[in-house]
Amino acid sequence: MSPEQFVDNLISGVAQGSVYALVGLGFTIIYTVTRIINFAQGEFVMLGGVFSFLLFSSVGLPLPLALLLAVLAATVVGAVLYLLAIRPARQASVISLIIITIGASTFIRGVVGQIWGKDYMPPLPHFSGDNQWLWIIGITLVVMVALHLFFSRTMMGKALKACSINRQAASLVGIDARSMAFTSFALAAALGAIGGAVITPLTAPHFRMGLTLGLKGFVAAAVGDFRSQVGTVVGGVILGIAEAMVVVLDWGPFASAYKDVIAMLVLLLVLFFRSSRGAAQEAAS
Amino acid sequence: MLRVEKATAAYGRVTVLREVSLTVNDGEIVTLIGANGAGKTTLLNSIVGVVPIKSGSIWLDDRQISGLQPHRTVGLGISYIPEGRQIFGSMSVMDNLTLGAYSQCSRNHLSTLGYIGWFLRRPDVRSNLDMVFNLFPVLRERQRQQAGSLSGGEQQMLAIARALMSSPRMLLLDEPSLGLAPNLVKDILRLLARLRDEGFTILLIEQDAAAALKIADRGYVMERGRIVIEGSSRELLGNDEVVQAYLGKTRG
Ligand SMILES: Nc1ncnc2c1ncn2[C@@H]1O[C@H](COP(=O)(O)OP(=O)(O)OP(=O)(O)O)[C@@H](O)[C@H]1O
Ligand SMILES: [Mg+2]
């Protein structure tokens, strides 16, 4: 591999990883606020991609507007998912709520497949020139700065954090846990949809695209223990780079087919280290 | 100001409060005395809505507050400092204080999206912050420090300061001196007396009943979920039963 190739692959890996990070942050934010692992997270990514395509190609909106509205629409879906499926099940255990998100995921996928078909949609044009990877990295950086400002400079961000640290204490200062849960679903949907929107010039939008991207985001979040936003971003980027390198090293005839196995490998490693650490803690106590 | 009328509460099938009635008047310190497991904490939890009551009613002035959820009662002027302080340990002291004022800006959900610096410059928030920094200068020095890294006494001060940030009229405190050195316990009680003199109304649970009765105006004694004795502090300090059961030994 020439140095140029290496750099190209590194960039594409970081970009791909940025998308995983965005998706993963959705998992992390919902988990810390509600203790729910939201298996519909991948569908927000898919909605971001599919809506972008529809608004741009079918409706004919200018690309930036199409992307923005697509993300907004997916955010509304996230909010509605919370209001219709999670909030009414108030007494349900966390496990039941997780199962509800699995059901919701299947439902959203089915509806999109029914309405807009099961074929691959043509990818969107690159945002400019031939450097979509850089666009993805740039947009992700902007989103992360915005997210950081949100959590550190607004009352809502701090309230979300407070809710994830100690829900009871949060309620005693006046924070409504349910409105925080609502916010976390909307925010997670927005992040996932941004990931889906920026990747559509490179991956054809498709009603099942949320499955793989959701899984990769899940792995990124697992690296952050579903708690750490920084850990999630690091996890996503590492996964993206690892995948890009496997494709390029081209071991054997099926090398690129192994790409998706990397995520599983990372997940197994995370689980392995976590359980051995857990065992060590148990032994210590 | 606060009136609890025949409140009954239970955890599952176990009844913990049995027709408890209690009143706290404006500008009073009222203390709640009772053995471990008597139901004191549960009573405070019921007042703010953490544990809903099964029957009876709870009134704040002329408004019935039983049935409200905890995040609503703060907005009405009752601030609860629960057992064990419950500060946000991994956030800074300043963030804890800021969150204490959450109920001051949350009436409109969207306004919580504003830049927090502007909110902190609001005159009412500013003056609350000045007040707690004057009460607890150490918190001003440590405002950037992680709350969890404060000493136990400082954490208790932060818990009280955070509660004061919501502009409450009434404070409910559950064993604020738990685990503190004796001279700190005195400081905290002296502080509560001072807050009362500044117009706050206080309902206090305190293991050291003798010390609590010294600053309190009135007291209630709870036994197995019932109020068994009530009276002015002087009456309780002179009541043989109370002296024998609760004033003999002191802890804290
Ligand atoms: N979350 C709970 N679930 C079930 N039972 C509880 C719960 N909290 C308290 N209890 C029970 O309710 C009774 C009253 O408890 P409470 O905490 O109100 O007592 P307390 O007077 O505050 O005691 P202490 O002085 O030890 O703090 C106890 O018997 C306790 O075991
Ligand atoms: Mg107690």
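A charge sits over a ring if NZ of Lys or CZ of Arg is within 6 Å of the ring centre and within 35 degrees of the ring normal. Keep that in mind as we walk through this structure, which is a predicted model.

## Charges over rings

Let us begin in chain A. Arg35(A) lies over the face of Tyr31(A), and the distance to the ring centre is 5.4 Å. Chain B offers another case: Arg162(B) is placed over the face of Phe88(B), 4.8 Å from the ring centre.

## Rings that meet rings

Tyr31(A) also has a ring partner. How many aromatic pairs does the structure hold over all chains? There are 12 aromatic pairs over all chains. One of them joins Tyr31(A) to Phe226(A), with 5.8 Å from centre to centre and 55° between the planes, which is a tilted arrangement. This pair links distant parts of the chain, since its two members are 195 residues apart. Tyr31(A) belongs to helix H1 (residues 3–34) of chain A, while Phe226(A) sits in the loop between helix H9 (209–223) and helix H10 (229–249).

Are these two residues buried or exposed? Tyr31(A) has a relative accessible area of 16%, so Tyr31(A) is buried. Phe226(A) has a relative accessibility of 11%, and therefore Phe226(A) counts as buried too. The cut-off behind both statements is that buried means under 20% relative accessible area.

A pair in chain B is arranged in another way. The ring centres of Tyr115(B) and Trp118(B) are 5.5 Å apart and their planes stand at 90°, so this pair is edge-to-face. Tyr115(B) is partly exposed, at 38% relative accessibility, and Trp118(B) is exposed, at 58%.

Back in chain A, ring pairs link Tyr31(A) and Phe226(A) with Phe27(A), Phe39(A) and Phe218(A) into a cluster.

## Two helices of chain A

Now look at the helices around that cluster's members. Which helix axis comes within 7 Å of the axis of H1(A)? The axis of H9(A) does, and the two cross at roughly 75°. H1(A) is therefore roughly perpendicular to H9(A). On the H1(A) side, the contact is made by Gln16(A), Val19(A), Tyr20(A), Val23(A), Gly24(A), Phe27(A) and Thr28(A). The H9(A) side brings Leu213(A), Gly214(A), Lys216(A), Gly217(A), Phe218(A), Ala220(A) and Ala221(A). By type, the residues of this contact are 8 nonpolar, 5 polar and 1 charged.

Thr28(A) is worth a stop of its own. Thr28(A) is part of helix H1 of chain A and is buried, at 1% relative accessibility. Setting aside residues up to four places away in sequence, Thr28(A) touches Ala221(A), Phe226(A), Arg227(A), Ser228(A), Gln229(A) and Thr232(A). Phe226(A), as you may recall, is the ring partner of Tyr31(A).

## Where chain A meets chain B

A helix from each chain takes part here. The axes of helix H6 (residues 155–165) of chain A and helix H3 (residues 93–100) of chain B come within 10 Å and cross at roughly 105°. H6(A) and H3(B) are therefore roughly perpendicular to each other. From H6(A), Met155(A), Lys158(A), Ala159(A) and Ala162(A) meet Asp95(B), Thr98(B) and Leu99(B) of H3(B). The residues of this contact divide into 4 nonpolar, 1 polar and 2 charged.

## A few spots in chain B

The table sets out where some chain B residues lie and how accessible they are.

| Residue | Place in chain B | Relative accessibility |
|---|---|---|
| Gly37(B) | loop between strand S3 (29–34) and helix H1 (40–48) | 72%, exposed |
| Glu19(B) | strand S2 (residues 14–24) | 53%, exposed |
| Ser167(B) | loop between helix H7 (152–164) and strand S7 (170–174) | 34%, partly exposed |
| Val51(B) | loop between H1 and strand S4 (55–60) | 8%, buried |

Two of these residues have backbone angles to look at. Glu19(B) has a phi near 45°, a positive value in a residue other than glycine. Ser167(B) is not a glycine either, and its phi is positive at about 50°.

What does Val51(B) touch, leaving aside its neighbours within four places in sequence? Val51(B) is in contact with Ala9(B), Tyr11(B), Thr42(B), Asn45(B) and Ser46(B). Arg162(B), by comparison, is 111 residues from Val51(B) along the chain, and their C-alpha atoms are separated by 22 Å. Gly37(B) and Pro52(B) are 15 residues apart in sequence, and from C-alpha to C-alpha they are 18 Å apart in space.

Notes:
Residues numbered from 1 in each chain as written. Chains lettered and ligands numbered in written order. Predicted model: local features only at pLDDT ≥ 70, side-chain atom pairs only at ≥ 80, totals over all residues. Heavy atoms only, no water. Axes fitted to C-alpha atoms, helices over the stretch in contact; angles between N-to-C directions. Helix = DSSP H or I, 4+ residues; strand = E, 2+ residues; numbered from the N terminus. Parallel < 35°, antiparallel > 145°, perpendicular 65-115°, else oblique. Contact = heavy atoms within 4.5 Å. Nonpolar A, V, L, I, M, F, W, Y, C, P; charged D, E, K, R; others polar. Phe/Tyr/Trp six-rings, centres within 6.5 Å; stacked < 30°, edge-to-face > 60°. Buried < 20%, exposed > 50% of the residue type's maximum accessible area, 1.4 Å probe, protein only.
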